[in-house]
Amino acid sequence: MGTLIVIGLLGGLITGISPCILPMLPVIFFAGGVQGARTRGAEGARRSLRPYLVIAGLVLSFSVFTLLGSLLLSVLGLPQDLLRWAGITLLVLLGLGMIVPRFETILERPFQRIAAFGAKRGAARQDRGAFVLGLGLGVLYVPCAGPVLAAITVAGATGNIGVETVALTVSFAVGAAIPLLVFALAGRRIAERVQAFQRHTAAIRTGGGVVVILLAVALAFDVPATIQRLLPDYTGALQQRIDSSETVREALDLGGLVTDENRELSNCSNGAPVLEDCGTAPEIRGIDQWLNTPDGEALRLEALRGQVVLVDFWTYSCINCQRSIPHLNAWYDRYADVGDGFEVIGVHTPEFAFERETRNVIQGAKDLGVTYPIAQDNSYATWTAYRNRYWPAQYLIDAEGTVRHIRLGEGGYENTEKLIRELLADADPGVDLPEPTTVQDATPLDDITPETYFSIKRVINYSGEPGYAAGRQEFTLAGEQRQDTFSLGGTWEVDFQGARAVSDDARVRLAYRSADVFVVLGGEGTVGSTVTTGGRSTSTSIDVSGSPRLYPVLEGDGPTEGLVDLEVPEGVQVYTMTFG
């Protein structure tokens, strides 16, 4: 229990300082802080509790609706976005109330006892509507939840709620609220110290109401989401560090939470040659954004009953995923309009922080020719609902909504297509099936070097000096590089994302076994590459720019063994090297 509470607090604190909370800050500052300032001549009055009431309302509504919102809406047959629109409407009403105090009195009346808790005389008027404002903000704050809340999302949606789940949820809400409370208290303090605030309290109150209404309008049109996509994910590395912690994964069982909804998935064996019965497919949930659908419309598996559906978990910089996507593209093009229909849904669950950025996913999908619907699963909610642990992973669902086949990892494409055709024929016995696709299977069949991570948490094959540790240090290349290992030279900054060169003499050396070698790079500059095999060396250059992505180092006709040496300019970051 104690571990869960600490995890919840840490995850909440990261969320509370992440880009997703920025649109809330003006409202917290003005409506939650400035409006609670003591006016001149009221120095002896009890201080307003407005900042605390706003945050208390936020914590309460966030916790309740995160745990019970989805379940209640499903039971009542109401749309899942109802709470969002209710929160937006409440913000508009609260903004109007701040402009017209008499209207605020009516609006706040059902919560009057709570709102006036601890408020005496001079503070009571300032505290009016504070708790209700927090309730509205808490509903709209739910989409900010990160991967630490993935287990809570599933538990809440399936009704599998226990004491530990509640403790985790509340601790997360409190952690996320602490930075906001600090911001609100800062607003109150500034308003009490700056005379301009004291002279124009009525105007500031009206201005605060306008800010609240503007936030509601912006949320209605998804303006904050657009702004967030333009901002760097400055908490990404810290979030990745929490998400990848074995303690966190064991405590939350991310990717392995067994519920009544997904329990029967274990009936399926990986890559079975025949159709199996693995229970009703878990619904796709917790999606940040839908791509390649009309107007970004969300897809629901329940609405796709009658069609055969393939759910594919992927991430755009993963070489294993990149090798599988040509098959998915071909199946989508070949079978989408056959019989009662065939749908592919690519659930993009990020492996690295930069893969959370929507603009990067859009560009990655464009580069790979992906035209089927993409669900951006940054919160790992759908990943967790399927108890998934692999990129790529495919779940084949029949027309009745039952999972009939699971394929984890690459390969087995001919078999998967055979089963797709079988399900299409089952759904429409008279269907005229086209010829099977003829995409070459690029899955490596020979023993090759395993995927090599430069993340401090995932590194497994480093062989150099000094030891691989977080922070900035000077490295020395290995004189004789052992097979399937790498070493660094020069000065590097190592973190939970990868290794960033901080000197002009930064080098990477890796002894490989494969036909192809790829590297995921970020930053900007020209990386020099030298591949030595069979006593011969070949040098090329790699121009790195834009979002982090996969770059080819070697594309051979057959398997070879040798050394790869990369000369990495200052500022360029190396994430992973993959082989094929």
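Start by selecting T485 and R482: in this predicted model, the side chain of T485 reaches the backbone oxygen of R482 at 2.6 Å. Zoom out a little and you'll see that T485 belongs to the loop between β8 (471–475) and β9 (486–494). Is T485 buried or exposed? Its relative accessibility is 6%, and since anything under 20% counts as buried, T485 is buried. To see what surrounds T485, show N461, S463, R509, L510 and A511, which are its contacts once you skip neighbours within four places in sequence.

Next stop: the nonpolar cores. Select L301, V311, F342, I345, Y386 and V403, the residues with the most contacts inside the largest core, which has 60 residues. Now colour helix α16 (residues 319–335), the top contributor to this core with seven residues. There's another core too, lying apart from that one; it has 33 residues, including L488, Y512, V517 and V574.

Go back to F342 and bring up its contacts beyond four places in sequence: Q307, V308, L310, W331, Y332, Y335, A336, I420 and L424.

Two of those, I420 and L424, are also among the buried residues of α19, so let's finish there. Helix α19 covers residues 413–427. Try a quick check: with 15 residues at 1.5 Å a residue, α19 should span 21 Å, and its end C-alpha atoms are indeed 21 Å apart. Which residues of α19 are buried? Pick out Y413, N415, T416, E417, L419, I420, R421, L423 and L424. Finally, show what covers them: the list includes β2 (308–314), α16, β3 (342–348), β5 (393–397) and β6 (403–408).

Technical notes
Residues numbered from 1 in each chain as written. Predicted model: local features only at pLDDT ≥ 70, side-chain atom pairs only at ≥ 80, totals over all residues. Heavy atoms only, no water. Helix = DSSP H or I, 4+ residues; strand = E, 2+ residues; numbered from the N terminus. Buried < 20%, exposed > 50% of the residue type's maximum accessible area, 1.4 Å probe, protein only. Polar contact = N/O pair within 3.5 Å; in protein donor to acceptor, adjacent residues only side chain to side chain. Contact = heavy atoms within 4.5 Å. Core = buried A, V, L, I, M, F, W, Y, C linked by side-chain atoms within 4.5 Å. Expected span 1.5 Å × (residues − 1).
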